[in-house]
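Here are some short comments for your read-through. Please keep the structure open beside them.

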Amino acid sequence: MNTPDRAPRPPHRRPQDGDLRDVVILGGSLPAATLATVLAAGGARVTVIDAAQPPPFPPGEMGVHAAGLFRVLAERYKAPELARLATVKDIHTHVTRTVGAEHCHSFVYHREGRPQDPAELLQVCPPKGAPPEPHFHRPDIDAYLLRCARERGADVRRGGKVSGAAAGPDGAAVRLSDGTEVRARYLVDASGPDSPLVSALGLRQEPAPFATASRTLAAHMTGVRPFADAVADRAAAYRPALPWHRGSMHHLTDGAYLAVLPLGNHPDSTGGLFSVALTLDARRFPPREGPGRTPEEEFRAFVARFPTLVDQFAYAAAEGPWLATERNQYAASRTVGDRWCLIGDAAGYVDPFISRGLGLTLEAVNALARRLLDAVRDGDFSTERFAEVGELTRDQLAANDELAAMVHASLCDPALVRAVLFVLEAGFRFGGFPLLAAWSELRSTGGDAALRALETVPHRGHVFAGHEGYHRLFTAAGATCAAVAAGELDARTASERIFRSVREAEFVPAAFKLDDPAARSLRITPVTLLRLALWSVTGAPKDIAPLVRAGIKSVLKGG
């Protein structure tokens, strides 16, 4: 592997006990290590304390949203090594050979006891020629980021168990179980659900303030058969726009969804590793103890209910331990205080659907990093300076809860699921453009005004933040699904209502072809781009037209 390009640094000296650091960060996974890298790149004296505990949530994630944010972080904070996590090619060349390529997203509905019906699936394909987004093998990605932080000059202490953490007007202190103490001007806890700071300050909210109630069983697996093989006896009835193995598969059924992310579906793959995560409605399927209830046994019992999944997982075996949660949702009552901040999984968690939380966490890292670097330079660590980060985190968790609750409520019916996916697709096709435009401005002018503006747009954390029309569409769809879950509306009527709302939304162009509830694939083609370009100058709303033109320009440049 090549060493990331960066300016030479003076020889690293491990801080002595009692040395005052600028920032101490708890946790060694992606958010903590990314923050440490950018802070150290900016000249801050950083110590990272990593307990090296296994992750509590799925060990592989989709980097669709995260890829763009790594590009932004690399440019904004002059840490080019982070940009190597934005593409499959660069990850493979510089980081790890275990990486997946997301050329398409497939959503496949299953009914218990029946073979999968090819009329009840949807494949979503990005524009032809767009580079695939990565699927992260988190153990390798997290380890790479910790190396980046260390090479930037951060003091990384692995295996340190925190016995106490405190912060106040005069600074912060972290005590380790071996008796040592790390003092700093500011404390960031990015450790996870067992956050030492949350425990010390009594911040855990019980019960969690979310509508979603889910739990997850997850593992890395080998031997997962290609979906095409599992339906080979009916191949003529399927015929996907792209081969199934070229992207993620999301198997959906009443009360659960099963995400299967390939971590080696490219020509230079080192093997057939998959990240597999089964997420269940925790109210309908609570965890149970006793014989036959290990995570793997529960996973096998679930798969056995669906003939097509039985074929796909007939020879699958876990590589390493299974991870399981009793409930995914938790939150802290506050995430910012006097000389401290919670980010990532320490602040809260909702649901692993399409790895939405990963990108939102990097948004928080981006917002926090610039404030910390300013504080290090001018000595102002006042709570008010960081209040916006806390509000951003709160809004992100709320938005993710709204999305996850809508998805879980829709799982009772394949038509309702499809309607919700159409709503999400309408947002995703626009939602990344503002960040792309801000990144382009940063690269061309060096100014970050557009990035700062994104921190305060309305409806933060949603797939198309800042747009009132989409927010109304999304909120109405969520309310409709909630009515179904409450028994106040039948699923078929609900799906028709949502499809009609998508069809009538003035910001959704006909070129997207989101007007056909029976569509089995949604794909951006050259003809789509041509029609979008024409619409952007003849009929697009004024707040949408510039986004469309910027997006087309990006696609034509290859992303």
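1. Start with the walls of the largest cavity. This is a predicted model. The residues that line the largest cavity divide into 9 nonpolar, no polar and 2 charged.

2. Now put names to that lining. Phe 107, Val 108 and Tyr 109 belong to it, and so do Glu 120, Leu 121 and Leu 122. Leu 252 lines the cavity as well. Pro 414, Val 417, Arg 418 and Leu 421 complete the list.

3. Which element gives the most to the lining of the largest cavity? It is α11, with 4 residues. At least two lining residues each come from β5 (105–109), β6 (121–125) and α11 (414–431).

4. Next, the volume. The largest cavity has about 70 Å³. A search of the whole structure finds 3 cavities of 30 Å³ or more.

5. Turn to a sheet. It is open, has 3 strands, and follows the order β3-β7-β4 with antiparallel pairing. β3 (60–62) and β4 (100–102) stand at the edges. Each has a single partner strand, so one side of each is left without a neighbour in the sheet. On average, neighbouring strands of this sheet are turned by 25 degrees against each other, direction ignored.

6. Look at one pairing in detail. β4 and β7 (residues 133–137) run antiparallel and are joined by 3 bridges. Glu 102 stands opposite Glu 133 in β7.

7. Last, what lies across β3 and β7? Helix α4 (residues 138–151) does. This helix runs at about 90 degrees to β7.

Terms used:
Residues numbered from 1 in each chain as written. Predicted model: local features only at pLDDT ≥ 70, side-chain atom pairs only at ≥ 80, totals over all residues. Heavy atoms only, no water. Pairing = 2+ DSSP bridges. Axes fitted to C-alpha atoms, helices over the stretch in contact; angles between N-to-C directions. Contact = heavy atoms within 4.5 Å. 1 Å grid on protein atoms, 1.4 Å probe; cavity = no way out; pocket = protein on both sides within 12 Å on 5 of 7 lines; lining within 4 Å. Points joined across faces, edges and corners; volume = space filled by probe spheres on them. Nonpolar A, V, L, I, M, F, W, Y, C, P; charged D, E, K, R; others polar.
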